[in-house]
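Hi everyone, thanks for making time today. I'd like to walk you through a structure that may be new to you, so let's get it up on the screen.

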Amino acid sequence: GKNGLKAVIGLVITFILVLLYLFPAIYRGMSPVNAAVITVILTTIITIFVLTGYTRKSLAAILGTISGVIISGIAAWLGKISGISGYNVSNIDNLVSVANCTNIKIGDLLFAGILISSLGAVMDVGLSVASTITEIHDVNPELNTGELFKRGMNVGKDMMGTMANTLILAFAGGSLSELLLDYAYNLPY
């Protein structure tokens with residue numbers, strides 16, 4: 001119904017942002033992690049406002065999602081300084097050829113891909129927790145902010161337990177042939 005149409009509008013806007021902002025920014029030499037963080041923030045704001053309107057619930061979901069993305073961006077940066085090269089992405093040979101003629105920073109593509117591919121799950125958790133807390137508050141408006149926060153953290157912890165599994169399985173399913181080749185060649189994990 002109406003929410004399905006809103007979801008499609010959000011998806012179209014996400015697609016447009018990826019094609020008209022993310023790809024050109026990376027191609028012109030912007031750090032893929034920075035471009036992904038900006039894309040994720042814009043996508044989050046637009047999608048959640050389209051889905052739920054301008055409400056306290058939507059603001060909470062946006063702030064939660066953006067906070068998670070910023071923490072992920074910091075983790076990506078820490079991954080770079082810890083020696084993870086980021087050069088173990090698919091099509092690396094083709095990317096190196098293209099990078100020789102452009103300003104693409106190949107080493108950051110792995111981390112940018114992680115940010116982009118996890119956005120749906122992070123947004124899902126952010127909006128679900130915000131929606132749950134809104135419902136709890138509507139039923140019991142006397143609960144203070146601290147109590148609502150505690151309940152939200154409990155819901156979030158439960159969701160993250162299954163969401164981590166969901167993301168790993170989605171990655172494994174999407175990369176099954178590549179993972180099988182890695183296994184066949186006995187490459188290190």
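Before I point at anything, one term: when I say helix, I mean a DSSP run of H or I that is at least four residues long, and the helices are numbered from the N terminus. With that in hand, K2 is a residue of helix α1. Please also keep in mind that this is a predicted model.

Okay, the overall picture. What does the chain hold in the way of helices and strands? There are 7 helices and 0 strands. Reading from the N terminus, the order is simply α-α-α-α-α-α-α. If you draw a box along the principal axes, the C-alpha atoms fill roughly 60 × 35 × 35 Å. The chain has 189 residues, and buried ones make up 30% of them.

Let's stay with α1 for a bit. Is K2 buried or exposed? K2 is exposed, because its relative accessible area of 65% is over the 50% cut-off. Here's a pair to look for on the screen: K2 and L51 are 49 residues apart in sequence, while their C-alpha atoms sit 9.4 Å apart in space.

Further along, helix α1, which covers residues 2–27, also holds I16. I16 has a relative accessible area of 40%, so I16 counts as partly exposed. And I16 has company: V8, V12, F15, I16, L19, L20 and F23 form a nonpolar patch on the surface. Together they have about 690 Å² of accessible area.

Now, F23 shows up again in our next stop, as one of the residues lining the second largest pocket. How big is the volume of that pocket? It comes to about 330 Å³. The full lining is V18, L22, F23, I26, Y27, L95, I104, L109, A112, G113, I116 and S117. The elements that give two or more residues to this lining are α1 and α5, and α5 spans 109–139. As for the character of the lining, 10 of its residues are nonpolar, 2 are polar and none are charged.

Next, the loop between α4, residues 92–101, and α5, which is where you'll find K105. K105 is partly exposed, because its relative accessibility is 37%. K105 and T14 are 91 residues apart in sequence, and from C-alpha to C-alpha they are 23 Å apart in space.

Moving into α5 itself, have a look at S131, which is in that helix. At 24% relative accessibility, S131 is partly exposed. S131 and A61 are 70 residues apart along the sequence, with 8.2 Å between their C-alpha atoms.

Then there's I70, in helix α3, residues 56–81. I70 is another partly exposed residue, with a relative accessible area of 41%. I70 and V40 are 30 residues apart in sequence and 9.8 Å apart in space, again C-alpha to C-alpha.

Last stop: charges. Side chains of opposite charge can pair when their charged atoms come close. How many salt bridges does the count give here? The count comes to 1 salt bridge. The partners are E147 and R151, whose side chains meet at 3.2 Å, N to O. Where do these partners lie? Both are in helix α6, residues 145–174, and they are 4 residues apart, about one turn of the helix. E147 is partly exposed, with a relative accessible area of 26%. R151 counts as partly exposed too, at 36% relative accessibility.

So, to recap what I'd like you to take away: a predicted model with 7 helices and 0 strands, a nonpolar surface patch that includes I16, a second largest pocket whose lining has no charged residues, and a salt bridge between E147 and R151. That's it from me, thanks for listening.

How values were computed. Residues numbered from 1 in each chain as written. Predicted model: local features only at pLDDT ≥ 70, side-chain atom pairs only at ≥ 80, totals over all residues. Heavy atoms only, no water. Patch = residues over 30% accessible without salt bridge, like charges linked within 9 Å, V, L, I, M, F, W, Y side chains within 5 Å. Areas by Shrake-Rupley, 256 points an atom, 1.4 Å probe, with all protein chains shown as cover. Salt bridge = Lys/Arg side-chain N within 4 Å of Asp/Glu carboxyl O. Buried < 20%, exposed > 50% of the residue type's maximum accessible area, 1.4 Å probe, protein only. 1 Å grid on protein atoms, 1.4 Å probe; cavity = no way out; pocket = protein on both sides within 12 Å on 5 of 7 lines; lining within 4 Å. Points joined across faces, edges and corners; volume = space filled by probe spheres on them. Nonpolar A, V, L, I, M, F, W, Y, C, P; charged D, E, K, R; others polar.
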